[in-house]
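The following exercises concern strand pairing, burial and side-chain contacts. Please attempt each task before reading its solution.

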Amino acid sequence: MAFSPDGRTLASTGFDEAVRLSDTLTERPRPPLTGHRSAVHAVAFSPDGRSLASGGSDGTVRL
């Protein structure tokens, strides 16, 4: 789980193949980010908040 630098977006992971994004002000979910072929275990925002990296059990990192 990671918050964007401005605190407006929460990125979370689970045992599925997606990264879930939520707007922290409205608590509304955004469309999930997909692409991993197995569970996603890590997420991190870039310092400027414009990029998000995710790492999964499939051995890949996605931006």
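How many bridges join β5 to β6? The solution is that 5 bridges join these two strands, which run antiparallel. Strands here are DSSP runs of E with at least two residues, and helices are runs of H or I with at least four, numbered from the N terminus. Two strands count as paired if DSSP finds at least two bridges between them.

The model is predicted: local features require pLDDT of at least 70, side-chain atom pairs count only at pLDDT 80 or more, and totals for chains, interfaces and linings use all residues. Residues are numbered from 1 along each chain as its sequence is written, and side-chain values use heavy atoms, with hydrogens and water left out.

**Exercise 1. Derive the sheet that contains β6, and state which strands stand at its edges.**

Step 1. Start from the β5 and β6 pairing, in which Ala44 has Ala53 of β6 as its bridge partner. The hairpin of these strands has 6 residues between them, and Gly49 there takes a positive phi near 80°.

Step 2. Continue to β7 (residues 61–62), which pairs with β6 in the antiparallel sense over 2 bridges. Ser54 stands opposite Arg62 in β7, and the bridge partner of Gly55 is Val61. The hairpin of β6 and β7 has 4 residues between the strands, and Gly59 takes a positive phi near 80°.

Step 3. Assemble the result: 3 strands form an open antiparallel sheet in the order β5-β6-β7. Because β5 and β7 each have a single partner strand, they stand at the edges, and one side of each is left without a neighbour in the sheet.

Step 4. Consider the burial of β6 (buried means under 20% relative accessible area, exposed over 50%, partly exposed in between, with a 1.4 Å probe and protein chains only). In β6 (residues 52–56), 4 of the 5 residues are buried, so the strand is largely enclosed by the rest of the structure.

**Exercise 2. Describe the sheet that contains β1, and identify its edges.**

Step 1. The pairing of β1 with β2 (residues 9–12) is antiparallel and spans 2 bridges. Ala2 stands opposite Ala11 in β2.

Step 2. An open sheet is formed by 4 strands in the order β1-β2-β3-β4, with antiparallel pairing. β1 (2–3) and β4 each have a single partner strand and stand at the edges, so one side of each lacks a neighbour in the sheet.

**Exercise 3. Which residues make up the largest nonpolar core?**

Step 1. Apply the criterion: a nonpolar core is a set of buried Ala, Val, Leu, Ile, Met, Phe, Trp, Tyr and Cys residues joined through side-chain atoms within 4.5 Å.

Step 2. The 8 residues are Ala2, Ala11, Val19, Leu21, Val40, Val43, Phe45 and Leu52. β3 and β5 (40–45) are the elements that give two or more residues to this core, and β5 gives the most, with 3 residues.

**Exercise 4. Is Thr9 buried or exposed, and is Arg28 buried or exposed?**

Step 1. Thr9 is found in strand β2 and counts as buried because its relative accessibility is 9%. A polar contact of 3.1 Å joins the side chains of Thr9 and Arg30; such a contact is a pair of N or O atoms within 3.5 Å where, within protein, one must be able to donate a hydrogen and the other to accept it, and residues adjacent in sequence count only if both atoms are side-chain atoms.

Step 2. Arg28 lies in the loop between β3 (18–23) and β4 (29–34). Arg28 is exposed, because its relative accessible area is 59%. Not counting residues up to four places away in sequence, Arg28 touches Leu21, Ser22 and Asp23, where contact means heavy atoms within 4.5 Å.
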